[in-house]
Amino acid sequence: MSGQPHEDTNTHNTLDRDQARDQNQDRDTGHRPTTPRRLLLTTAALAPVLAGIGTTTARAQSPAPTPTPAKGGGHQHEPVQPVTTTAADWKRVAQALGRPGSMAGDKAYHTRYPRGDLDVVSYGVQISPELALGSHVAFVRYADGNVLAMGDLTVTEGELQEVTDVLQAHGIEQTALHKHLLAHSPEVWWTHIHAHGRDPVAIARGLRAALDRTASPPAEPTPPPGPIDLDTDGIDAALGVQGSNDGGVYKATFARREVIIEGGMALPRGLGAISAFIFQPLGDGKAALNGDVVMIAEEVQKVLKILRRGGIGLVELHNHGLRDEPRLFFTHLWAVGDAVELAKALRKAVDATNVVAVLRERGRS
């Protein structure tokens, strides 16, 4: 599964036969169709996550093909496509959320909630909000007039149950409940959320009500990031992508090449399908490493073995979504050590997954 997809005429004929067989089976059994395995292997590459950025392939031996939607996406009908929006289109959502957001590309409106109020320590490392302690949510509008909201909320153990109750009262689904860190104090949890409907302001109000049950601080101006005490050139060379200064930590991201379908809706490029590696400087070239790897089922065991051979700790193996096609799995990770050596170990895991590297401005915060 680590090889890149290749297509020829015979492959297309086989895909047509496979899809016809799957649809006949669905009519006979009444089950919802699933994406054929051959289709997952031939789905086209992802485009950049953010507008105006370039990509490089995570595997040097072959260039990334032009991204196209999966043929039928394993559905009886074509998936609904996201539409282009601007920040001005989300003005009322920003008001309901109580803080400004920004466009991630030309389709997703993204808002961040760094938990600067939390004083969290894991294995003796003081965790910065940018490393692991941030909530975020993205809104996307679709051609049929519906809106999708996806995100991840950082909550303390004492906040978790009340936040859950408020989310449920507002019809906002929880799609994962998990950890990003190993042994840490105080106890913090992360809950992925999913909502869709025709009124994005109502969704935003529900999210605001849940976040108001936490001690998340109000929005504050973000100062320009200072220099990072790491060999960032060495990290870039090891990973094969130029990372960015994300508020004082160094971040590298990779996006799945496949077009991801969530509940019949095509997700914007990279949304909900990212491998992210974050390095918090600790001095003398060392870093605390946090983040996660996105995988399909056939890649999971190989990636877990690679990470452990590289001395990287495993935190969680779970899903972020409930209805994604292809089905995605994420493993959250943790390590402390020489940043460049950690990046070299991560590169082997990256090369075992079907991703494309995302280039960002180095000074982006």
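**Salt bridges, rings and cores: a chat**

Guide: Let me start with one charged pair in this predicted model: Lys251 and Asp246 form a salt bridge, and their closest N and O atoms are 3.9 Å apart.

Visitor: Is Asp246 buried or exposed?

Guide: Asp246 counts as buried, because its relative accessibility is 4%, and buried means under 20%.

Visitor: Which residues are linked with Asp246 in a network of salt bridges?

Guide: The network links Asp246 with Lys251 and Arg112.

Visitor: How many salt bridges does the structure hold?

Guide: There are 14 salt bridges in the structure. Among them is the one between the side chains of Asp117 and Arg115, at 2.9 Å from N to O, and another joins the side chains of Lys107 and Asp106 at 3.2 Å, again from N to O.

Visitor: And Arg115, buried or exposed?

Guide: Arg115 is buried, with a relative accessible area of 0%, whereas its partner Asp117 counts as partly exposed at 34% relative accessibility. In the other bridge, Lys107 is partly exposed with a relative accessible area of 23%, and Asp106 counts as partly exposed at 37%.

Visitor: What is Thr156 in contact with?

Guide: If we leave aside its neighbours within four places in sequence, Thr156 is in contact with Arg115, Leu118, Glu187 and Val188. Thr156 lies in strand β7, which covers residues 147-156, and at 16% relative accessibility it counts as buried.

Visitor: New topic, rings. How many aromatic pairs are there?

Guide: A search of the whole structure finds 3 aromatic pairs. One of them is Trp90 with Phe139, whose ring centres are 5.9 Å apart and whose planes meet at 50°, so this pair is tilted.

Visitor: Where do those two sit in the chain?

Guide: They link distant parts of the chain, 49 residues apart: Trp90 is in the loop between β1 (55-57) and α3 (91-97), while Phe139 is in strand β6 (residues 134-141). Both Trp90 and Phe139 are buried, and ring pairs join them with Tyr109 into a cluster.

Visitor: What lies over the face of Trp90?

Guide: Arg141 does, at 5.3 Å from the ring centre. Elsewhere, Lys179 lies over the face of Trp189, at 4.1 Å from that ring's centre.

Visitor: Back to pairs, what does Phe254 pair with?

Guide: Phe254 forms a tilted aromatic pair with Phe277, at 6.0 Å centre to centre and with 55° between the planes. This pair also links distant parts of the chain, with Phe254 in strand β12 (residues 249-256) and Phe277 in strand β15 (residues 274-283), 23 residues apart. Phe254 counts as buried at 0% relative accessibility, and Phe277 is buried with a relative accessible area of 0%.

Visitor: Last topic, then: how many residues has the largest nonpolar core?

Guide: The largest nonpolar core has 49 residues, and those with the most contacts inside it include Phe277, Ile235, Leu239 and Leu346. Helix α9 (residues 339-351) contributes the largest share of this core, 8 residues. Apart from it lies another core, of 28 residues, among them Val155, Val163, Val166 and Ala209.

Visitor: What does Ile235 touch?

Guide: Not counting residues up to four places away in sequence, Ile235 touches Leu230, Tyr250, Phe279, Ala339, Val340 and Ala343.

Visitor: What do nonpolar side chains tend to do in soluble globular proteins?

Guide: In such proteins, nonpolar side chains tend to be buried together.

Terms used:
Residues are numbered from 1 along each chain as its sequence is written. This is a predicted model: local features need pLDDT of at least 70, side-chain atom pairs count only at pLDDT 80 or more; totals for chains, interfaces and linings use all residues. Side-chain values use heavy atoms; hydrogens and water are left out. A nonpolar core is a set of buried Ala, Val, Leu, Ile, Met, Phe, Trp, Tyr and Cys residues joined through side-chain atoms within 4.5 Å. Buried means under 20% relative accessible area, exposed over 50%, partly exposed in between (1.4 Å probe, protein chains only). Helices (H or I, at least four residues) and strands (E, at least two) are DSSP runs, numbered from the N terminus. Contact means heavy atoms within 4.5 Å. Rings of Phe, Tyr and Trp (its six-membered ring) pair if their centres lie within 6.5 Å; planes under 30 degrees apart count as stacked, over 60 as edge-to-face and the rest as tilted. A charge sits over a ring if NZ of Lys or CZ of Arg is within 6 Å of the ring centre and within 35 degrees of the ring normal. A salt bridge is a side-chain nitrogen of Lys or Arg within 4 Å of a carboxyl oxygen of Asp or Glu.
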